[in-house]
Amino acid sequence: MDDPLAALAPDATHRDAAELLRSAGWTDCGAGDWAFALRSPDGDVVARISPFDPTGPYAARLYRDAAGTRQVPELHAHLRLAGGGDLQLMERLTAVDEGDAAAFHGMLVGGEPELRELAGIVNRIHAQAIRELPWCGPLDTNPSNVMRGADGRLVLTDPYFADGPALYSLAGTDPDAFAARLPEPERRYLTEIPLTWSGPWSDEDRKAMRAGIAEADRRREA
């Protein structure tokens, strides 16, 4: 596959990445909480783009470290984007029956032999994320995080997440404490994540949060 991101500047944001891919014929194919997706012209690859995703690198590490199990998506590329964004190019996946997804999660948590290697990698990376990230949540057992590859196999996607309610609550109620815990370059676009399932999030609330955090950053600089 030719590199569709070759022309992307080192300081590119999520907006730049989306604009570049759309100009190359990629089309919007979905959005969730924290990220939206674009599909390649041939339909075989999907770009997951988030304006703000602290856990993106840990998911990408999982996909690389567990690639040999064939129980995670095939990752073609991963980039951190300016302002705290995250971009992953991966194989196209399709949804599975909720019962199949729940059974997969149960086998993963239970340490069943066929998923034991994957479980070990998932837990090792999660432990690292907990040590390194403010507001790292528990493993996500949402059934939508189990999907099916083009070859029919079940795969685990995106099992790590930031504790959004705690993170955004602190950002709104105590922006000084929030700004002290997460450097500005890593959360510049935290109010631009889509909230397809958890929303809506009003423009007024987003604006107020940005203003409060900006004031906190100015106080820190002073």
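This is a guided tour of the structure, in which each stop says what to select and what is found there. Please keep in mind throughout that the model is a predicted one.

**Stop 1: the sheet of five strands**

Begin by colouring the strands S1 to S5, which make up an open sheet of 5 strands in the order S1-S2-S3-S5-S4, with antiparallel pairing. At its edges you will find strand S1 (27-31) and strand S4 (75-81), each of which pairs on one side only. If you look along the sheet, you can follow a twist that averages 20 degrees from one strand to the next. As background for what you are looking at, the strands of a sheet pair through backbone hydrogen bonds, and the pairing may be either parallel or antiparallel.

**Stop 2: strand S3 and its two partners**

Now select residues 45-50, which form strand S3. Is this strand enclosed by the rest of the structure, or open? Because 6 of the 6 residues of S3 are buried, the strand is largely enclosed by the rest of the structure. You can check each face in turn: Val-45, Ala-47 and Ile-49 are buried on one side, while Val-46, Arg-48 and Ser-50 are buried on the other.

Add strand S2 (residues 36-39), which runs antiparallel to S3 and is joined to it by 4 bridges. One pair to pick out is Arg-39 with its bridge partner in S3, Val-46. The two strands S2 and S3 form a hairpin with 5 residues between them, and in that turn Gly-43 has a positive phi of about 80 degrees.

Next add strand S5 (residues 85-91), which pairs with S3 in the antiparallel sense over 6 bridges. Here Ile-49 stands opposite Leu-87 in S5, and Ala-47 stands opposite Leu-89 in S5.

**Stop 3: a single residue, Val-46**

Stay in strand S3 and select Val-46, which has its place there. With a relative accessible area of 14%, Val-46 is buried, since buried means under 20% relative accessible area. Which residues does Val-46 contact once its neighbours within four places in sequence are left aside? They are Trp-26, Cys-29, Ala-37, Leu-38, Gln-88, Leu-89, Met-90 and Arg-92. You may also draw a distance from Val-46 to Leu-93, which lies 47 residues apart from it along the chain; their C-alpha atoms are separated by 8.2 Å.

**Stop 4: the helices lying across the sheet**

Show helix H1 (residues 14-23), which lies across S1, S2, S3, S4 and S5 and runs at about 155 degrees to S3. Then show helix H2 (residues 56-65), which lies across S4 and S5 and runs at about 160 degrees to S4. The buried residues of H2 are Gly-56, Tyr-58, Ala-59, Ala-60, Leu-62 and Tyr-63, and what covers them includes S4, S5, helix H4 (116-132) and S8.

Following the chain into the loop between H2 and S4, select Arg-70. Arg-70 has a phi near 60 degrees, which is a positive value in a residue other than glycine, and with a relative accessible area of 41% Arg-70 is partly exposed.

**Stop 5: the sheet of three strands**

Turn now to strands S6, S7 and S8, which form an open sheet in the order S6-S7-S8 with antiparallel pairing. Strand S6 (94-95) and strand S8 (154-156) stand at the edges with a single partner strand each, so one side of each is left without a neighbour in the sheet. Between S7 and S8 there are 3 bridges, and the bridge partner of Met-147 in S8 is Val-155.

**Stop 6: the largest pocket**

Finally, display the largest pocket, which holds about 1,300 Å³ of space. Of the 47 residues that line this pocket, the closest to its centre are Gly-32, Asp-33, Asn-145, Asp-158 and Trp-197. The elements that give two or more residues to the lining are S1, S2, S3, S5, strand S7 (146-148) and helix H5 (164-173), and the largest share, 4 residues, comes from H5. By class, the lining has 25 nonpolar, 12 polar and 10 charged residues.

End on Asp-158, which lies in the loop between S8 and H5. Although Asp-158 is not a glycine, it has a positive phi of about 50 degrees, and at 22% relative accessibility Asp-158 counts as partly exposed.

How values were computed:
Residues are numbered from 1 along each chain as its sequence is written. This is a predicted model: local features need pLDDT of at least 70, side-chain atom pairs count only at pLDDT 80 or more; totals for chains, interfaces and linings use all residues. Side-chain values use heavy atoms; hydrogens and water are left out. Buried means under 20% relative accessible area, exposed over 50%, partly exposed in between (1.4 Å probe, protein chains only). Two strands pair if DSSP finds at least two bridges between them. Axes are lines fitted to C-alpha atoms, for helices over the stretch in contact, and angles run from 0 to 180 degrees between N-to-C directions. Contact means heavy atoms within 4.5 Å. On a 1 Å grid over the protein atoms alone, a cavity is a set of points where a 1.4 Å probe fits but cannot get out, and a pocket is an open set with protein on both sides within 12 Å along at least five of seven lines; lining residues have an atom within 4 Å of a point. Grid points are joined across faces, edges and corners, and a volume is the space filled by probe spheres set on the points. Ala, Val, Leu, Ile, Met, Phe, Trp, Tyr, Cys and Pro count as nonpolar, Asp, Glu, Lys and Arg as charged, and the others, Gly among them, as polar.
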